2 protein chains.
Amino acid sequence: MSIQTRKERERAEREALIVTAARELAEAEGWEAVTTRRLAAEIEYSQPVLYSHFKGKEAIMAAVAVQGCAEMAAELRTASRAAKGKRETLAAVGEAYTAFARRRPALYDAMFTLRVDLPFATPEAPAALQEAFAELRAAVEPIAAEGDDPGLLTETYWAGLHGLVTLMRSGRLPEGAHERRLELLTGHFTAEASR
Amino acid sequence: MSIQTRKERERAEREALIVTAARELAEAEGWEAVTTRRLAAEIEYSQPVLYSHFKGKEAIMAAVAVQGCAEMAAELRTASRAAKGKRETLAAVGEAYTAFARRRPALYDAMFTLRVDLPFATPEAPAALQEAFAELRAAVEPIAAEGDDPGLLTETYWAGLHGLVTLMRSGRLPEGAHERRLELLTGHFTAEASR
DNA sequence: CCAGGAATTCTAGCAGCGCTAGCACAACTG
DNA sequence: CAGTTGTGCTAGCGCTGCTAGAATTCCTGG
């Protein structure tokens, strides 16, 4: 019994070690530097050990993505709590979202850009992911107009944030005017829709 | 003289052949199927020939992206011309944009998602790219509020469209409600901004 | 028409990728 | 302490983008 639990604990610890190493490597040098060989060296085990914990590289990235979702959810919540009115709250959450994406680009990519081994738009999506979306929704819902579906409106606002972040990060949009674009986006969502 | 021009013509033809083959392969089987070996086989030359035309795979993708920009610009213009009022025009252009992205996902990825060997937010950006942006801008500008910078507003609306497209394509958003999300986005941009 | 030189294309290979079969060793059990 | 179980390693497969250098083709001048 005790031996069994010790082994399980050790396995869990090593699994966490893998995820942490992957995340740190990705944040330090980008996901293209995260190879299974490099990762194996980092945790001081051989390559095949990785595959006894995860189905493949995508599954490791998915684990990192889930961690990222939890952190983002927490940051969105903090920003939301600190803000006062409906509009200020949405602005604060939007700001917190894009700030997170810019501060932790590798994490953000795993969550929302790269192909990853995770269910998304289904009830089986990871809890952390649903929490992050719920935070966004809590900020969007109060500014929804009469007929607007709050879920769809949240998805649409989210898309706006995501577009800003990804176009900027891939060099399609200049970094400089980010704050002003974000204001424009939030401003148009807090206005009354005309149809 | 004649020999010289013939050679140049043949080179240009072969270059076009490469770009076309890359594009068709990408559209048929996705960019991950476009390997330099596969591409070389397709054009019935050996691999190194590719590198006598392009600096690398990214440069080939960039050439495909430029083609895509030209086509998108044309489609946006067509949609714009067919629409009547300011709001209808913006809606039509947004619709044309997302329709293009969904109909030609590989082309869209080369243009706006994948890392590619192109200058973007600078005056040296390819003409086709600038034309596509100009089409978007022509549709956005008429609905800009007093103080809004039309360029920034266009970038922001573009980000919204891009976010919708990429989140949907990567499975983060369900396909079903796309039209309604697009309406929400366009609706909020054609409304008066409240600040 | 043919030899020499220049340009072009190909063969072969490098270093690295994700992933895995099968062996060797370590750890636990009776 | 012997035997069995299971864990981790070595080695290697088939692929990637890319390139050095050999081989071949083509054009030019005699």
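The questions and answers below concern a predicted model of protein chains with DNA strands.

In this predicted model, local features need pLDDT of at least 70 and side-chain atom pairs count only at pLDDT 80 or more, while totals for chains, interfaces and linings use all residues. Residues are numbered from 1 along each chain as its sequence is written, chains are lettered from A and ligands numbered from 1 in the order in which they are written, and side-chain values use heavy atoms, with hydrogens and water left out.

Me: Which base atom of DNA strand C is 2.8 Å from an N or O atom in the side chain of Arg37(A)?
Reply: A polar contact is a pair of N or O atoms within 3.5 Å; within protein, one must be able to donate a hydrogen and the other to accept it, and residues adjacent in sequence count only if both atoms are side-chain atoms. Polar side-chain atoms of Thr35(A) and Tyr51(A) lie 3.4 Å and 2.9 Å, respectively, from a phosphate oxygen of DNA strand C. For the side chain of Arg37(A), the partner at 2.8 Å is a base nitrogen.

Me: What percentage of the atoms of DNA strand C within 4 Å of the protein belong to sugar or phosphate?
Reply: Around DNA strand C there are 18 residues, near meaning that a heavy atom lies within 4 Å, and Thr35(A), Thr36(A), Gln47(A), Lys57(A) and Ser46(B) come nearest. Of the strand's atoms within 4 Å of the protein, those not in bases, that is, in sugar or phosphate, make up 52%.

Me: Which element gives the largest share of the surface near DNA strand D?
Reply: A backbone N or O atom of Lys57(B) lies 2.8 Å from a phosphate oxygen of DNA strand D, and a polar side-chain atom of Tyr51(B) lies 2.9 Å from a phosphate oxygen of this strand. Elements giving two or more residues to this surface are α3 of chain A together with α1 (2–29), α2 (36–43) and α3 of chain B, where helices are DSSP runs (H or I, at least four residues) numbered from the N terminus. The largest share, 3 residues, comes from α3(B).

Me: At roughly what angle do the axes of helices α4 and α5 of chain B cross?
Reply: Axes are lines fitted to C-alpha atoms over the stretch in contact (heavy atoms within 4.5 Å), and angles run from 0 to 180 degrees between N-to-C directions. The axes of α4 (residues 57–82) and α5 (residues 86–103) of chain B come within 8 Å, and cross at roughly 145°.
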